[in-house]
Every structure is written in structure tokens, then in C-alpha cells.
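Biologist: Here is a model I would like to go through with you. Please set each value against its definition.

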Amino acid sequence: MIRLAILADLHANLAATLAVHADAERRGLNELWVLGDLVGKGPRPREVLEWTQAHASRVIQGNWDARVAGASHRPQDLWPRSKLTPGDLSYLEALPYGIEEQFSGAWWRFVHASSRGLFHRLYPHSSLSDQIDAFAPSPQFGLTQYADALVYADMHEALLLDVEGRPLINCGSVGNPLDSTLPCYLILEFDSDGPGYSATYVRLTYNRDEEISAAEASGMPFTREYVTELLTGAFQKRRARTGE
């Protein structure tokens, strides 16, 4: 049996990341795959990046990783960038776009946002043609196979859809869930002697108060919005404030 723990959207939330890691260890899950957005939004980018480098088996790039590494220069990009070393930023910039692996006779694709680009969103309500296109090759991103299954992140919402017989799976968010207040990760299990697989979501509690305290003491921008998201699971759009 091949067993993978699929994590994504850690977003510099160290307390949630460590809670998920401890849960995966209790379950005997040694293969931890991280589908991007290690940094951004949260208060501890360096610590979460170091955790990822120490414990993740496979890592791909998320849109926030690319932004913090230099793709954009918003206040929420500049603050975590200032906390990372040039080597850290080079690591984020060089992360691969996606993973394609064959399990149980099927090609599985793992990306952060979609098969069409880091900043292209694949929504649950996207058209059927957009969903079908997500399984097609994208050679410009190193995705060369016609995927039989697609696992992605970015939406911060756990999701499992059937797209004309092919699973479209969102693994949910560890550090910034927006469909709950509880971190979420995905366990995939493949039968090495047959065609079967199973997908299990895990949600768990964590020391949220520690994370909120770290955010409030960090001096990072948009602390209020970040804390509100942790407390409510509701997205707070970042808008620059003046006079505060």
C-alpha cells in the first residue's frame, strides 16, 4: 500500500503545520507532499519553510511562493520576503510547477492552482470544459500526460468532484482554511497490487491562540484580516489602510 499525506496552503501558519505533521506521524504517514503556498499571509514564513525543507518528500510552487520570491511587490509579499534569506527565496522561486506520477495504473497530476498557470483559478463552479481541460497536457509547465486524476489546492476548500469519470480533488488548506476553522489535509492510499485508491480528509484542532499571538507580535501587514480568517474561516479581502 502506498500512502501519501497531501498538504497545501500552509501560509506560514506554524502551529497548524506542526499539528498536521504530528497527526500524520501518528497515522504512520511518512510521505508528505506539499502542494504550494508555504509562505504568505501568516507570521512565520521562515519557520514553515524550514519545516517543509526538513520533512516534505515532494514540494511544488504556489502562487504566494512565487509572489514572495519576487513575482509581485505588494505589502503582503514584501513583509515575508524580508524575513527570508536569499537562499530561501531562490528555493521558493525554483520549486517545480507540478508532479505527475503513475499510481495503480493511472496518471495522477498534482498542481497548486490549475494546469493552466499559478494564477489561474479552477473553481468548483468552473465550466465543464474548463474542468476537462485541467486534465490535458500543459507542456509549458512540464505536464506532459493526459491525467486520469487531478489533485490541487489554492481554493482553501476541500473538494472531491467527478469530472466525466475522473476525480478532481482539492486537498484543502492546512494554515488558512476558508471552508472551516479547522486545518485540513488529504490522505491518498493506492493499492500496489491493484487499481484501487482511497481519498480521506482529515480535519483537526490546533493551538490557534499561539498562532494569533505570533501574528499580533510579528508586525506583519493585514494582521486583523489574518486573525479574522483564523477565527471565522471567512475570507477577508486585503485592502491597504491609512491613518492606523
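Modeller: Residues 24 or more positions apart account for 66% of the contacts in the protein with a separation of 6 or more, where contact means heavy atoms within 4.5 Å. The model is predicted, so local features need pLDDT of at least 70 and side-chain atom pairs pLDDT 80 or more, while totals for chains, interfaces and linings use all residues. Residues are numbered from 1 along each chain as its sequence is written, and side-chain values use heavy atoms, without hydrogens and water.

Biologist: What makes the radius of gyration of the protein agree with a compact globule?

Modeller: The rule is 2.2 Å times the number of residues to the power 0.38, with the radius taken over C-alpha atoms. For 244 residues a compact globule would be near 18 Å, and the protein has 17 Å, so the two agree. The C-alpha trace spans about 60 × 40 × 35 Å along its principal axes.

Biologist: Why is Leu38 called buried or exposed?

Modeller: Buried means under 20% relative accessible area, exposed over 50%, and partly exposed in between, with a 1.4 Å probe and protein chains only. Leu38 has a relative accessible area of 0%, so Leu38 is buried. Leu38 sits in the loop between strand 2 (31–34) and helix 2. Leaving aside neighbours within four places in sequence, its contacts include Leu10, His11, Val48, Ile60 and Tyr91.

Biologist: Why is Met1 called buried or exposed?

Modeller: Met1 has a relative accessible area of 62%, so Met1 is exposed. Met1 lies in the segment before strand 1 (2–7). Beyond neighbours within four places in sequence, Met1 is in contact with Glu189, Phe190, Asp191 and Ser192. The C-alpha atoms of Met1 and Tyr197 are 9.5 Å apart, although 196 residues separate them along the chain.

Biologist: How do you know what counts as a helix or a strand?

Modeller: Both are DSSP runs numbered from the N terminus: helices are H or I with at least four residues, strands are E with at least two. The protein comes to 8 helices and 10 strands. In helix 4 (residues 75–82), Gln76, Asp77, Trp79, Pro80 and Arg81 are buried. These buried residues pack against helix 2 (45–55), helix 3 (63–71), helix 5 (86–94) and helix 7 (208–218).

Biologist: Where does UniProt place the domain feature?

Modeller: The unreviewed UniProt entry places "domain: Calcineurin-like phosphoesterase" at residues 3–192. UniProt positions are in the numbering used here, feature names are shortened, and annotations may be inferred rather than shown by experiment. The span 3–192 is 29% helix and 24% strand, and its end C-alpha atoms lie 10 Å apart.
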